[in-house]
Amino acid sequence: MTVAVVVGNPKPASRTLTAATLVAKGLRPEAEPTVIDLVTLGPGLLGWGDPAVAEAARTVADSELVVFASPTFKATYTGLLKLFLEQFDGGTGLADVLAVPVMLGAGPGHALAPDLLLKPVLVEIGATAALPGLYLSDRTFHEDGEIDRYSDRWRSVAQALTTSSKAENHA
């Protein structure tokens, strides 16, 4: 099982990264996720052909489960994450990838953002986004139990979806 975490926070080693990694480990505790902190790719995201960006995109496309995480910024996900998502072909770029949209924010006003704003983009580039998005309080996600509740509820579904899609496509 290959698991990746893609973090679109402009601050390196952010709370968004911590939360996304906890979600990935909660859904697939047997797998150590590969973490792609997009801020470390810098200006390479602004064009095409940067080797580090291309390698990150390959890692994501080859993963079975990917948690895409962003802070809520101007009521949506960050431009940093959008720049990375532009690296994938429409309809096929994330084929066979189970994508989990996760967003963090200061209050519940944007709780639907993962499902309404991030999930459609992931589906447009070919991901399977069958699990509901997860919105977390950036201040309380460590203690409020939301990640554990989400993981407990959706772990078996994530297992079934990743096992069946990769098995079918590599048979």
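Before you click on anything, one cut-off to keep in mind: a residue counts as buried under 20% relative accessible area, as exposed over 50%, and as partly exposed in between. Also remember that you're looking at a predicted model.

**Stop one: Leu117.** Select Leu117, which sits in helix H4, residues 113-124. Its relative accessible area is 31%, so Leu117 is partly exposed. Now add Leu112 and Leu116 to the selection: together with Leu117 they make a nonpolar surface patch of about 290 Å².

**Stop two: Lys119 and Asp115.** Stay on helix H4 and show the side chains of Lys119 and Asp115, which meet in a salt bridge at 3.1 Å, N to O. Why are these two about one helical turn apart? Because they are four residues apart in helix H4. Check the cover on each partner as well: Lys119, at 16%, is buried, while Asp115, at 27%, counts as partly exposed.

**Stop three: Lys82 and Glu86.** Next, pick Lys82 and Glu86, another salt bridge, with the closest N and O atoms 2.5 Å apart. Lys82 is partly exposed at 34% relative accessibility, and Glu86 is partly exposed too, at 38%.

**Stop four: Arg28 and Glu30.** Finally, jump to Arg28 and Glu30, whose side chains form a salt bridge at 2.5 Å, N to O. Is Arg28 buried or exposed? With just 4% relative accessibility, Arg28 counts as buried.

If you'd like to keep hunting, the count comes to seven salt bridges, including Arg28 with Glu30.

Technical notes
Residues numbered from 1 in each chain as written. Predicted model: local features only at pLDDT ≥ 70, side-chain atom pairs only at ≥ 80, totals over all residues. Heavy atoms only, no water. Patch = residues over 30% accessible without salt bridge, like charges linked within 9 Å, V, L, I, M, F, W, Y side chains within 5 Å. Areas by Shrake-Rupley, 256 points an atom, 1.4 Å probe, with all protein chains shown as cover. Salt bridge = Lys/Arg side-chain N within 4 Å of Asp/Glu carboxyl O. Buried < 20%, exposed > 50% of the residue type's maximum accessible area, 1.4 Å probe, protein only.
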